[in-house]
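Colleague: Please take a close look at one helix pair in this model and then place it beside the other helical parts. What can be said about how these parts pack?

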Amino acid sequence: MVELLDARNDFIFKKIFGSENNKDVLLAFLNSTFMESGEPPLTEIILMNPYTDKDAPAEKQSILDIKAKTAEGKRINIEMQLFNPYNMEKRTLFYWSEMYYHQIQKGDDYSQLKKCVTINILNYSCLPNDRHHNVFRLREDHTGISLNNDLEIHVMELTKLEEQTIPLTGGLINWLLFLKGVEQPNWEVLTMNEPMLKKAMDTLEFLSQDAATRMEYDARMKYLRDEASRMNGAKAEGRAEGRAEGRAEGRAEGIAEGIAEGIAKGEQKRAEAIVLELLALGVETSVILKASGLTEQHILRLKSQMGKH
């Protein structure tokens, strides 16, 4: 029997869920997700960046997320994270704001803005609770009333499924157990609960038998591991520098510098490009600071560079 590839690899994940041939698989996964958050099921989904050969991991800095929209225009972004990229909370808000911001052009009516949903599937834990699926929205602290319904962020933590037994009914848990890599003898029960999982499983088996896909998969895994190792090393180095200074201020600065060095170059360039767009539109630096995850000094440096051109 051929060893199955890991569906948590973003390259494989996008091949399974982000191709035109498997839109029905994506739709079933999304409906299981939205059912848990009390939303009506979708009847149609449009892929905005479907998988193509250009998504092959030859370009190491590729971000292999899945972008889609509903027939009504609601935007959805799905991202699989095998390793912890750190600053995930700020990173999530930044990518959400990018998706929301780019819906309209300068001068357009704000009423044209549609709801944007971010779904992060994480192979690590980052939230201080035991729930494997958390949903965040904009609500008032005391009364719980909603500001509006345009922001929705789902965080799914596969590591919190450690003690989870195979469920007896349908729902999101079946999809997450498949992604986590539940043993194949349990697949039959999962497909009985969620029939569309059979197509996802068949796709994974097919990909696992394809020599070219395995080579691309290995290349992507090597990059992801190297990147995770580099970022962990940078973070540890930052901590060491902070301890050496022996002051709380020095420690915080050392950690920040270490994490900053660990940010992937491709993501930083992407962040800088968006910041430049916002600066060109006259958005206040304080607003950009909250959304981008970049430091105030970094933003001011970009602003200064704009003035030289």
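**Helix α4 and its surroundings**

Modeller: The axes of α4 (residues 172-180) and helix α6 (residues 197-208) cross at roughly 10 degrees and come within 11 Å. This is a predicted model. Angles under 35 degrees count as roughly parallel, and α4 and α6 are therefore roughly parallel to each other. On the α4 side, the contact is made by Asn-174, Trp-175 and Phe-178. Helix α6 contributes Leu-197, Ala-200, Met-201 and Leu-204. By character, the residues of this contact divide into six nonpolar, one polar and no charged.

Helix α4 itself is mostly covered, with eight of its nine residues buried. The buried residues include Asn-174, Trp-175 and Phe-178, the three that α4 brings to the contact with α6. Leu-172, Ile-173, Leu-176, Leu-177 and Leu-179 of α4 are buried too. Just after α4, Gly-181 has a positive phi of about 105 degrees.

A glycine with positive phi also follows helix α2 (residues 23-36): Gly-38, just after α2, has a phi of about 75 degrees. Helix α2 has 14 residues, and from its first C-alpha to its last it reaches 20 Å, close to the 20 Å expected at 1.5 Å a residue. Of these 14 residues, 10 are buried, so α2 is largely enclosed by the rest of the structure. The buried stretch takes in Val-25, Leu-26, Leu-27, Ala-28, Phe-29 and Leu-30, together with Asn-31, Ser-32, Thr-33 and Phe-34.

Helix α1 (residues 10-17) has eight of its eight residues buried, so α1 is likewise largely enclosed by the rest of the structure. Among the buried residues of α1 are the charged Asp-10, Lys-14 and Lys-15. Phe-11, Ile-12, Phe-13, Ile-16 and Phe-17 are buried as well. At the start of α1, a side-chain oxygen of Asn-9 lies within 2.8 Å of the backbone nitrogen of Phe-11.

The segment before α1 contains Glu-3. In contrast to the buried residues of α1, Glu-3 is exposed, with a relative accessible area of 62%; the cut-off for exposed is over 50%. Leaving aside residues up to four places away in sequence, Glu-3 touches Ser-208 and Arg-214. Glu-3 and Ser-208 are 205 residues apart along the chain, yet their C-alpha atoms are separated by 7.0 Å. Ser-208 is also the last residue of α6, so this contact of Glu-3 leads back to the helix that packs against α4.

Technical notes: Residues numbered from 1 in each chain as written. Predicted model: local features only at pLDDT ≥ 70, side-chain atom pairs only at ≥ 80, totals over all residues. Heavy atoms only, no water. Helix = DSSP H or I, 4+ residues; strand = E, 2+ residues; numbered from the N terminus. Expected span 1.5 Å × (residues − 1). Buried < 20%, exposed > 50% of the residue type's maximum accessible area, 1.4 Å probe, protein only. Polar contact = N/O pair within 3.5 Å; in protein donor to acceptor, adjacent residues only side chain to side chain. Contact = heavy atoms within 4.5 Å. Axes fitted to C-alpha atoms, helices over the stretch in contact; angles between N-to-C directions. Parallel < 35°, antiparallel > 145°, perpendicular 65-115°, else oblique.
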